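Please look over the sequence and the structure shown here before reading on. The report that follows moves from the core to the packing of helices and then to two loop residues.

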Amino acid sequence: MLSVKDLKAEIVRNGETVKSVALKLGMYRRTFYRKRNGVSDFTRADIQKLVEMLKLSGADDIRIFFANEVA
């Protein structure tokens, strides 16, 4: 399960916005919001691009994209 809170924090920490991240992923903001909010899933390619874009470590990407928390 995705940790939305941690993903938002990493986006801000890297000086990005939802719009800039969505553009770099090649998707509309609305699509990014749907994926971020769990309406649809990030693909493996999306996750890989986000990991590279946000310069996430192995521990960070696991914490964000495979969190066990329930919101």
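Contact means heavy atoms within 4.5 Å, and helices (H or I, at least four residues) and strands (E, at least two) are DSSP runs, numbered from the N terminus. This is a predicted model, in which local features need pLDDT of at least 70 and side-chain atom pairs count only at pLDDT 80 or more, whereas totals for chains, interfaces and linings use all residues. Residues are numbered from 1 along each chain as its sequence is written, and side-chain values use heavy atoms, with hydrogens and water left out.

A residue is called buried under 20% relative accessible area, exposed over 50% and partly exposed in between (1.4 Å probe, protein chains only). In α4, the buried residues are Asp 46, Ile 47, Leu 50, Val 51 and Met 53, and what covers the buried residues of α4 includes α2, α3 (29–36) and α5.

A nonpolar core is a set of buried Ala, Val, Leu, Ile, Met, Phe, Trp, Tyr and Cys residues joined through side-chain atoms within 4.5 Å. The largest such core has 18 residues, and those that touch the most other members are Leu 7, Val 21, Leu 25, Phe 32, Phe 42, Leu 50 and Phe 65. At least two residues of this core come from each of α1 (4–13), α2 (18–25), α4 (44–53) and α5 (58–65).

The axes of α2 and α3, which are lines fitted to C-alpha atoms over the stretch in contact, with angles from 0 to 180 degrees between N-to-C directions, come within 9 Å and cross at roughly 100 degrees. The two helices α2 and α3 are therefore roughly perpendicular to each other, a term for angles of 65 to 115 degrees. In this contact, Val 18, Lys 19, Val 21, Ala 22 and Leu 25 of α2 meet Arg 29, Phe 32, Tyr 33 and Arg 36 of α3.

The table sets out two loop residues.

| Residue | Loop | Relative accessibility |
|---|---|---|
| Glu 16 | between α1 and α2 | 15%, buried |
| Lys 55 | between α4 and α5 | 66%, exposed |

Leaving aside neighbours within four places in sequence, Glu 16 is in contact with Ile 11, Val 21, Lys 24, Met 53 and Leu 54. Under the same exclusion of residues up to four places away, Val 21 touches Ile 11, Glu 16, Phe 32, Leu 50 and Met 53. Lys 55, just after α4, takes a positive phi of about 55 degrees. Most residues other than glycine have a negative phi.

Technical notes: Angles under 35 degrees count as roughly parallel, over 145 as roughly antiparallel, 65 to 115 as roughly perpendicular and the rest as oblique.
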